[in-house]
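The following note sets out points for a colleague who is examining this model. Each point is kept to a short paragraph.

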Amino acid sequence: GAISGAGLDVTDPEPLPEDHPLWEKAALITPHAGGASAAFAPRIKALVRRQAERLIAGDQPENVVLQP
């Protein structure tokens with residue numbers, strides 16, 4: 001009934017401060033690298049290309065999260 005560990009690719013806040021309690025837990029914390037695999041490479045490449053094209057055109061990137 002208890003969680004013995006976790007894998008986290010995204011945290012709040014980000015980056016996670018060095019003194020954050022999660023660093024002391026049974027957690028594997030990765031820097032947005034959890035999706036980096038050969039299976040996702042074409043999707044990631046397409047997203048990076050779309051984002052670059054949007055920025056060059058003066059548009060806002062997709063999936064922007066605004067901090068309050």
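1. Helices and strands are taken here as DSSP runs, numbered from the N terminus: H or I of at least four residues for a helix, E of at least two for a strand. By this rule, Q51 is placed in helix α1.

2. The model is predicted; local features need a pLDDT of at least 70, side-chain atom pairs count only at pLDDT 80 or more, and totals for chains, interfaces and linings use all residues. Residues are numbered from 1 along each chain as its sequence is written, and side-chain values use heavy atoms, with hydrogens and water left out.

3. Confidence is expressed as pLDDT, the predictor's confidence in each residue, from 0 to 100. The protein has an average of 84, and 94% of the residues score at least 70. Among the elements, α1 has the highest mean pLDDT (90), whereas strand β2 (residues 27–29) has the lowest (86).

4. The secondary structure consists of one helix and two strands. Along the sequence these follow the pattern β-β-α.

5. The overall dimensions merit attention. The radius of gyration (taken over C-alpha atoms) is 16 Å, while a compact globule of 68 residues would have a value near 11 Å; the globule rule is 2.2 Å times the number of residues to the power 0.38. Along the principal axes, the C-alpha atoms fill a box of roughly 50 × 35 × 20 Å.

6. Burial is assessed by relative accessible area: under 20% is buried, over 50% exposed, and in between partly exposed (1.4 Å probe, protein chains only). Of the 68 residues, 6% count as buried. The protein exposes about 6,000 Å², of which carbon and sulfur atoms supply 60%; such areas come from the Shrake-Rupley method with a 1.4 Å probe, and for residues only the protein chains shown count as cover.

7. A contact means heavy atoms within 4.5 Å. Of the contacts in the protein with a separation of 6 or more, 8% are between residues 24 or more positions apart.

8. Is Q51 buried or exposed? Q51 counts as buried, with a relative accessibility of 17%. Apart from neighbours within four places in sequence, Q51 is in contact with P61 and E62.

9. The structure holds two salt bridges, each defined by a side-chain nitrogen of Lys or Arg within 4 Å of a carboxyl oxygen of Asp or Glu. Side chains of opposite charge can pair when their charged atoms come close.

10. One salt bridge joins the side chains of E62 and R50, at 2.8 Å from N to O. Because E62 lies in the segment after α1 and R50 in helix α1, this pair ties together parts that are 12 residues apart in sequence. Both residues are partly exposed, E62 with a relative accessible area of 25% and R50 at 37%.

11. R49 and E53 also meet through their side chains in a salt bridge, at 3.1 Å from N to O. These residues are separated by about one helical turn because they are four residues apart in helix α1. R49 is exposed, at 58% relative accessible area, whereas E53 is partly exposed, at 43%.

12. F40, I44 and V48 form a nonpolar surface patch with about 260 Å² of accessible area together. Patches are made of residues with over 30% relative accessible area and no salt bridge; like charges are joined within 9 Å and nonpolar side chains (Val, Leu, Ile, Met, Phe, Trp, Tyr) within 5 Å. I44 lies in helix α1 (residues 41–56) and is partly exposed, with a relative accessible area of 40%.
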